[in-house]
Amino acid sequence: MDITAVAPATRSVPRGLVPASLVLGGTLISLIGLTWDIQWHSDVGPDTFFTLPHLFLYAGSAISGLASLVVVLMTTAAAKRDKDVDPIVGGRAVGVFGRTFAAPVGYLISGTGAALFLVYGLWDQWWHGLYGFDAVIDSPPHIGLLLSISITMVGAVMIFAVARDQRWGTYGTVVGAAALLVFSMVTSLGLRAVPASFANPVSVGTAFFSVMILFMAAHALSRRGGALAVGLSVAVLQAVFWWFSPWAAEVYANASGLPLRDYTDGIPGMPNMIPMCLVIVAVAVELLHKLPVWIPGAVGGAVIAVCAPLQRVLTYGAPFTANARYFATIALAAVFGALAALLGRRFGHMLRQLAPAKENSHA
């Protein structure tokens, strides 16, 4: 079945839904693998290359990559036969390698991320073969793997944003943006290497990514409730992973005959990186939508920075001190939140330009 050619509207399954769902499903499988792997490093310790969390990561990228490749090949075949290509399947087709291939832009991005994942996966295997166990989540090949998955997730959002005028496109954009936001929390951990003693760079980075993706989704959908829908979807993912991460790590450790660390507290690592106040930020974005975009962005960034240490108090019972570093972090998060809102709006408009709205009106 040619999923790229324009066909009568009698098809029971909307055009583009199957491959788009495979790409999004692959990213969610990778997200499951990541939260599981992070919890494993926290509760058990080092791991080898062939572990179940790693296999989830690899399987997710493989599913997304294969689905993207199939769409590109089918689009190329349709273009060479001079058939009309429906832009709702991943966006307008662009020439690749001197127009040897015709690739819908969304699937080009998701497929490129999956291909890079394969390269970094081979590097990760070599790393494990050289050093044996991998004791940390931020090893050099892991950084490459995480960045490549992020690219695939961006492609997934692009694929669904093309069909934003259809119900499945709206839902997919919301879920894809929520998955990207959750995944970006791990990316922000790289900011720990920034020498900024006057503020907390991780909190600032968390605020930046959260606000940017909320605004990107809201402006891509161009309707009220977009930011709130993403915030609620993130809350659902956070709740599910909050239960899943410690449970999966313990079950897999018991099955492997490995003990948990003595100081394991059962608090999920990755879900606890996600701001619990994100729904509040999303509500603020919706309520302040008539103001200049940088104002709700600054408010959102400040709220996330205000609540970050309070979340640590709630989950870990950590002490809290409202010192100069705390207030500097809030101020800096507000500035970066304003910038993130401007960028998110621009990215949202770019997503809307992947295919004209009138071309997305197919039933």
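Reader: What does the secondary structure of the protein chain come to?

Author: In this predicted model, the secondary structure of the protein chain comes to ten helices and two strands, and from the N terminus on the elements run α-α-β-β-α-α-α-α-α-α-α-α.

Reader: Why is Glu286 called buried?

Author: Glu286 has a relative accessibility of 10%, and buried means under 20%, so Glu286 counts as buried.

Reader: Why does Arg224 count as exposed?

Author: The relative accessibility of Arg224 is 54%, and exposed means over 50%, so Arg224 counts as exposed.

Reader: What makes the meeting of Glu286 and Arg224 a salt bridge?

Author: The side chains of Glu286 and Arg224 meet at 3.5 Å, N to O, and a salt bridge asks for a side-chain nitrogen of Lys or Arg within 4 Å of a carboxyl oxygen of Asp or Glu, so the pair fits the term. The structure holds one salt bridge. In general, side chains of opposite charge can pair when their charged atoms come close.

Reader: Why is this pair said to link distant parts of the chain?

Author: Glu286 lies in helix α8 (residues 278-287), whereas Arg224 lies in the loop between α6 and α7 (226-256), and the two are 62 residues apart.

Reader: Which residues have the most contacts inside the largest nonpolar core?

Author: Inside this core of 69 residues, those with the most contacts are Leu31, Leu34, Val230, Val234 and Leu351. Helix α6 (residues 201-221) gives the most to this core, with twelve residues. A second, separate core has 16 residues, including Leu24 and Val71.

Notes. Residues numbered from 1 in each chain as written. Predicted model: local features only at pLDDT ≥ 70, side-chain atom pairs only at ≥ 80, totals over all residues. Heavy atoms only, no water. Helix = DSSP H or I, 4+ residues; strand = E, 2+ residues; numbered from the N terminus. Core = buried A, V, L, I, M, F, W, Y, C linked by side-chain atoms within 4.5 Å. Buried < 20%, exposed > 50% of the residue type's maximum accessible area, 1.4 Å probe, protein only.
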